[in-house]
Amino acid sequence: MLKELITPNAANVFVGKLGDILIRAVGKPLEYAIDWGRLWSLWPVHIETACCSVEFGAASGPRFDVERFGIIEAFGSLRQCDLVVVQGTITRKMAPRLRMVYDQMPDPKYVIAMGACAITGGLYFDSYNVLPGIDGVIPVDVYIPGCPPRPETLIQGCILLQEKIKRMKVR
Amino acid sequence: MTTQLPPGMQLEKVDDRIMTLNVGPQHPGSGHMRLIMKVDGDFIVSCDPDPGYVHRGEEKMAEYRNYIQNIPHLERPVIHDSCNILYPYCLAVEDLLAIEVPERAKYIRVMASELNRCVYTLYWLAIYGIFLGHSTMFMWPMGDRELFIDLLEAMSGARVTHAYFVPGGIRNDIPANFEERCLRQVNYFEKRLKEYEDIFYQNPVLKQRTEGAGILSKIDAIRLGTTGSVLRASGVDFDVRKKEPYDVYESLDFETQVLREGDSYARSRVPYLDMLESCRIIRDALKKMPKSGSVRTKLKPNPKGGNDEAYRRVESGRGSLGMYIVSDSKTEPYRVKISVGSFRNLICMPYLLKGEKLGNMPAVYWSLNYWPVEADR
Amino acid sequence: MNTKKEDILDIAAYIRDELKFDHAESVAGVDYPSSKEIEVVYHLGSYTEPQLAKQILSLATRLPREDVPNPGEDRTRMTSLRDIFYSVEFHERECFEMFGVYFEGHPDNRRLLLPEDWADIPPLRKDFKIKGR
């Protein structure tokens with residue numbers, strides 16, 4: 001009976017259906033596994049842009065210890081990183097460099113905008129050298145408000161990002 | 001032996017000994033700045049610092065805000081030393097507006113600024129540890145720093161951006177039983193600093209890396225106008241707290257720590273010795289502080305400065321920090337110039353890194369007690 | 001202390017050699033559009049003389065100011081004090097980009113803090129208005 005079904009004309013349809021069944025059976029768990037893997041080893045790029053880096057440093061210190069949540073300290077080459085934490089103000093001089101750093105990173109990559117300055121310009125809304133937020137430079141996944149955000153807030157932002165990654169479709 | 005080639009066939013020799021190397025702004029050993037270095041093999045031939053990645057135009061913004069509105073954004077250049085950067089601003093504005101500060105506020109200011117100096121120096125020490133690959137020295141100061149932050153949080157309500165100093169005194173009084181907590185913390189911290197000495201400063205690996213790296217002679221330190229720990233590590237006895245005492249530093253018991261070597265090791269050790277002095281100052285200030293009284297002189301709303309100018313400086317974690325304020329009888333200052341220690345220490349980087357090994361760059365660079373955000377303002 | 005801009009080199013040399021001030025703390029420019037002048041203030045201090053350590057000497061000079069600045073080309077220029085006080089090197093570079101004051105004899109009058117593609121007038125001049133104000 002199967003032989004009769006697979007005529008040369010219907011083969012395409014059949015292969016397509018088989019693919020659907022496979023994705024249903026294998027894809028979902030595989031996607032979950034890949035997301036799970038990405039979730040617990042987020043490597044932030046070591047790019048400090050302004051004063052929020054102090055609180056980022058404090059968050060990786062012993063009291064807050066962001067490593068518990070799978071955000072590993074910002075060391076190493078950007079070619080192996082998958083997270084940009086934009087730590088504060090982006091000036092006009094820094095913006096092209098930030099974009100360059102973002103472009104050099106391999107996919108998938110996530111961006112956290114930390115601090116009021118990275119979101120809207122914050123305290124420096126009327127400064128001549130500060131961009132009003134980084135949305136025009138790189139796409140942002142999670143915004144963390146505060147000037148500067150407390151380390152707890154940063155950790156919460158990281159957890160939000162992990163929630164987001166959990167539901168992401170694997171490309 | 002030279003082989004003669006006919007004219008027109010000689011190959012031009014390309015000099016490939018010297019290579020240009022960009023360090024930063026995305027680099028674990030640069031911070032918020034870029035160093036354009038020319039290297040010959042492993043040796044640095046020349047170094048051209050390129051700051052300005054965090055230049056936010058504080059001085060321009062200050063001209064559009066009145067004397068009280070200027071407080072929050074002026075402390076942002078060094079948020080982990082925010083009391084010390086607001087100190088000269090408050091002193092200068094008090095000069096301009098002719099305000100007298102209550103006695104108790106003066107002592108609390110001194111205490112807050114010393115606590116904040118410890119917070120700053122511990123952060124600096126933590127990063128110095130990580131620059132030299134000494135992870136314990138990242139974790140220990142970061143942990144102890146939180147205890148100081150707790151104290152300052154109890155004082156002012158914010159973790160790092162205190163905005164605690166205002167022209168005319170401080171924003172609010174210290175909480176009850178603060179003195180006791182402060183004393184306990186200082187006692188604990190002094191014991192802890194001795195452990196730092198054992199694990200970090202007596203560490204042979206650290207000594208090997210930093211001793212003799214980037215030597216700044218006394219005459220050069222003076223000529224280049226360096227300040228703070230860089231200057232004191234080169235054997236110049238200069239501390240604004242001693243030489244030009246502001247508020248109540250005159251009556252407090254402390255010493256200026258001077259080392260003679262002028263290398264990275266000495267430069268990294270002076271802030272550590274300063275922290276010990278800070279503990280002494282805090283303890284002394286707690287003893288001499290008036291137990292009650294007002295902490296803030298009331299200002300008129302929208303105070304106006306006269307047609308005058310003021311230059312005041314204090315000793316911050318990074319050296320002398322001056323504020324030059326020109327006023328023209330308006331509610332906003334006409335011009336605010338912030339002369340920061342980091343910017344003044346930046347100038348000696350090309351001189352120190354010349355001829356140094358590339359691997360010594362982080363050790364020399366961070367020993368300059370340099371905070372790029374402050375230098376760029 | 002206010003000087004004419006022609007004499008500033010001699011006066012600075014006198015301050016260094018006779019008065020023993022040995023370093024500059026800051027170089028601040030102040031813009032006065034109403035009198036068409038830019039003031040450059042040097043704050044000088046001393047490390048070597050103990051009795052001078054308390055003091056800051058401010059040495060000021062006034063330069064003509066152009067309404068349409070063309071940094072480096074116009075009349076807003078003065079002699080650099082870099083040969084007298086070595087420490088003014090970066091301060092003068094900052095003053096150059098922030099006010100358009102050209103320092104003659106300075107070894108590298110390059111941009112320091114502003115972005116490389118800055119094409120507006122020097123930002124700390126009074127006629128540079130920041131947006132929204």
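**Domains of chain A.** I looked up how far apart the two domains of chain A sit, and in this predicted model the centres of domain 1 and domain 2, taken over C-alpha atoms, are separated by 34 Å. The bounds I noted are 10–38 for domain 1 and 41–166 for domain 2.

**Sheet in chain A.** I then turned to the strands and found an open sheet of three, in the order S1-S2-S3, with parallel pairing. Its edges are strand S1 (83–87) and strand S3 (142–144), each of which pairs on one side only, and the twist from one strand to the next averages 15°. Following S1 of chain A to its neighbour, I found five bridges joining it to strand S2 (residues 110–114), the two running parallel; for A:Gln87 the bridge partner in S2 is A:Met114. I also checked what lies across these strands: helix H6 (residues 151–166) of chain A lies across S1, S2 and S3, and runs at about 170° to S3.

**B:Tyr120.** In chain B I picked out B:Tyr120, which lies in helix H4 (residues 103–131). Is B:Tyr120 buried or exposed? Its relative accessibility is 2%, so I entered B:Tyr120 as buried, the cut-off being under 20%. Leaving out residues up to four places away in sequence, I listed what B:Tyr120 touches: B:Val78, B:His80, B:Asp81, B:Gly317, B:Arg318, B:Asn369 and B:Trp371. With B:Asn369 there is a polar contact between the two side chains, at 2.9 Å. I noted B:Ser82 as well, which is 38 residues from B:Tyr120 in sequence and 9.1 Å from B:Tyr120 in space, C-alpha to C-alpha.

Note on methods
Residues are numbered from 1 along each chain as its sequence is written. Chains are lettered from A and ligands numbered from 1 in the order in which they are written. This is a predicted model: local features need pLDDT of at least 70, side-chain atom pairs count only at pLDDT 80 or more; totals for chains, interfaces and linings use all residues. Side-chain values use heavy atoms; hydrogens and water are left out. Two strands pair if DSSP finds at least two bridges between them. Helices (H or I, at least four residues) and strands (E, at least two) are DSSP runs, numbered from the N terminus. Axes are lines fitted to C-alpha atoms, for helices over the stretch in contact, and angles run from 0 to 180 degrees between N-to-C directions. Contact means heavy atoms within 4.5 Å. Domain bounds come from an automatic or database domain assignment. Buried means under 20% relative accessible area, exposed over 50%, partly exposed in between (1.4 Å probe, protein chains only). A polar contact is a pair of N or O atoms within 3.5 Å; within protein, one must be able to donate a hydrogen and the other to accept it, and residues adjacent in sequence count only if both atoms are side-chain atoms.
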